[in-house]
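Biologist: I would like a close look at a single part of this model, the place where two helices pack against each other, and then a careful walk outward from there to the rest of the chain.

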Amino acid sequence: MEVAIFILVVLAFVALSGALVRLVRVPLPVLQIAIGAALAWPAGGLHVEIDPELFLLVFIPPLLFGDAFAAPKRELIELRGPILDLAIGLVFFTIVGFGYALHWLVPSIPLTVAFALAAVLSPTDAVAVSSIVDRNVVPARLMHILEGESLLNDASGLVMFRFAVAAALTGSFSFADASLSFLYAVAAGILAGIGALFIAAKALQVLGRIGGTPAEAQVLVMILLPFVAYLIAEHVGASGILAAVTAGLLTGTSGIFRHLSVSARIQAMSLWSTLAFIFNGALFILLGLQLPDIIRRVPPELTSRHWLFEPALTVLILTLCLIGLRFLWIWIGDIASVIAARFGKRKAEPFGFHVRLAGSVAGVRGAITLAGILSLPLALQDGSPFPARDVVIFLAAGVIICSLVIASLALPRIARGLVEPGEDPGAAEERRARVGAANAAIATIESLAGEGGEEGEAAEARLAVADSIVAGYRRRIAASDEADEARADAREAGRLELELRHAGIEAERAAVRAMFRSREINDHTMRALLSEITLTEALLKSRRDRK
């Protein structure tokens with residue numbers, strides 16, 4: 001019962017945070033962490049012990065799968081060079097640079113443990129990045145690079161974290177063995193994601209052959225997909241995170257959706273967006289719940305005369321060190337890309353100083369870092385306590401919070417003016433696609449309208465229906481016209497149409513409820529009709545939002 005109440009309380013505060021974020025005007029992850037800390041700070045407040053493996057299994061696969069599915073694949077492929085440079089090269093650069101800096105700053109931390117903390121701090125958090133980074137103020141190219149990096153560097157960072165922990169436990173490290181293990185974890189993780197996608201497609205095919213299979217069963221297969229990918233990879237000693245990301249990246253292009261009914265597709269999209277909001281919120285609230293206990297147990301190695309000032313200063317220095325290493329690596333990559341472009345006689349597209357700085361500050365840390373560091377063993381193989389375990393857990397939690405706060409406060413100011421005013425390239429591309437699709441539909445309808453073979457009233461009815469449909473497509477084309485006046489007229493006509501359709505929908509809804517109250521229809525009929533009305537209203541709202 002206590003577990004159930006705890007889950008309900010967390011879900012209630014997730015919903016509350018969604019409303020409060022509009023009032024306090026801070027990034028949602030920061031607000032949710034603050035809520036979690038406030039709930040756990042009193043002695044009698046909420047407290048929960050996190051099992052890192054269970055935490056990773058429950059939260060990480062669905063969240064990374066959803067982010068990978070929504071990521072723009074074309075842009076990720078085009079920017080694969082800088083993305084892989086950050087997701088792999090920057091991880092190793094961070095491990096070496098940050099590991100030595102940490103060992104120098106806090107000598108009580110052994111070098112192997114310092115490398116372990118550096119490895120688990122190297123991945124950026126995809127959820128936090130997308131929640132904090134405003135797409136309207138950050139250049140699209142940089143945003144795509146940040147998204148791609150945060151999807152891939154989790155695997156490389158956690159794999160190297162395992163090697164560093166193993167070195168701390170055994171006292172030995174083999175670069176050759178680590179390299180082979182890393183390649184195996186990556187390759188097998190990708191294959192596990194592909195295998196899970198194949199299993200899901202076969203399951204949907206079997207369900208499709210069984211007549212009358214409910215759409216909910218198909219939706220459940222899609223929800224289980226990232227968990228299956230993660231578990232398969234972990235079972236064979238590969239990267240479960242990379243398996244979930246691979247499954248998400250390939251889902252849209254694999255053709256798996258053709259095995260879903262229309263109802264199942266609509267339900268899956270709606271349910272997945274709801275689950276993503278719930279998992280994101282619960283994840284950061286749970287992160288906040290850990291903070292009071294971590295802060296209360298400030299390790300004595302970080303304090304001498306001031307209980308709080310010196311630990312806070314150490315965390316700040318380490319966070320700035322991470323940002324500095326990131327800035328240096330991006331700058332080096334910029335120089336390398338310019339040199340490579342000159343040798344290849346291509347046009348170079350280097351980042352400016354402000355873009356480099358924005359990309360450096362935007363590399364926030366989050367839940368994967370906390371889950372990884374909490375998975376540190378309690379003791380060495382000889383039974384002695386794991387060295388500096390409490391210290392690195394405290395520092396990891398502090399860097400997570402500090403990176404989130406710095407990004408929330410500094411990024412809007414750094415990114416100001418980076419995006420040139422004018423039409424968003426993505427919006428222009430969408431407008432051109434709408435016009436092309438509408439023209440194709442008009443050509444097909446006009447061709448079919450004259451091939452019916454009917455005569456008299458039937459032919460006239462066919463042409464009238466075709467003209468009515470074509471008129472709707474022509475209004476869509478006019479609304480996407482590049483001429484401002486034509487677009488304004490079309491949008492005004494569209495606004496009036498939406499207004500009248502909305503009034504009609506409200507009248508439908510009122511009439512259905514009146515018939516239910518007068519017992520002309522039962523509640524089953526009422527729910528069926530209201531569901532259809534709600535779906536129509538959602539489509540109209542989508543049209544209104546696009547305008």
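Modeller: Before we start, one cut-off is needed for the reasoning below: a residue is called buried under 20% relative accessible area, exposed over 50%, and partly exposed in between. Please also keep in mind that this is a predicted model.

The part to look at is the pair formed by helix α9, residues 175-209, and helix α11, residues 240-251, whose axes come within 7 Å and cross at roughly 50°. The two helices α9 and α11 are therefore oblique to each other, and α9 passes α11 in a right-handed crossing. On the α9 side the contact is made by V186, G189, I190, A192, G193, I194 and L197, which meet L242, A243, T246, A247, L250 and T251 of α11. Sorted by class, this contact of α9 with α11 has nine nonpolar residues, four polar ones and no charged residues.

Moving outward, the chain as a whole has a secondary structure of 20 helices and zero strands, and 42% of its 547 residues count as buried. Among contacts in the chain with a separation of 6 or more, 78% are between residues 24 or more positions apart. The chain exposes about 28,600 Å², and carbon and sulfur atoms supply 64% of that area.

Another packed element is helix α14, residues 353-361, in which V355, R356, A358, G359, S360 and V361 are buried. These buried residues of α14 pack against α8 (140-170), α13 (309-343) and α16 (389-414).

The loop between α15 (367-374) and α16 holds A388, a residue that has a positive phi of about 60° although it is not a glycine. A388 has a relative accessible area of 16%, and is therefore buried. R519, in the loop between α19 and α20 (523-546), likewise is not a glycine and has a positive phi, of about 65°. Unlike the alanine, however, R519 counts as exposed, because its relative accessibility is 78%.

Finally, helix α19, residues 484-517, contains E506, which counts as partly exposed because its relative accessibility of 35% falls between the two limits given at the start. E506 and E537 are 31 residues apart in sequence, and their C-alpha atoms are 9.3 Å apart in space.

Note on methods
Residues are numbered from 1 along each chain as its sequence is written. This is a predicted model: local features need pLDDT of at least 70, side-chain atom pairs count only at pLDDT 80 or more; totals for chains, interfaces and linings use all residues. Side-chain values use heavy atoms; hydrogens and water are left out. Axes are lines fitted to C-alpha atoms, for helices over the stretch in contact, and angles run from 0 to 180 degrees between N-to-C directions. Helices (H or I, at least four residues) and strands (E, at least two) are DSSP runs, numbered from the N terminus. Angles under 35 degrees count as roughly parallel, over 145 as roughly antiparallel, 65 to 115 as roughly perpendicular and the rest as oblique. A crossing is left-handed if the near helix is turned anticlockwise from the far one by less than a right angle, and right-handed if clockwise. Contact means heavy atoms within 4.5 Å. Ala, Val, Leu, Ile, Met, Phe, Trp, Tyr, Cys and Pro count as nonpolar, Asp, Glu, Lys and Arg as charged, and the others, Gly among them, as polar. Buried means under 20% relative accessible area, exposed over 50%, partly exposed in between (1.4 Å probe, protein chains only). Accessible areas come from the Shrake-Rupley method with a 1.4 Å probe; for residues, only the protein chains shown count as cover.
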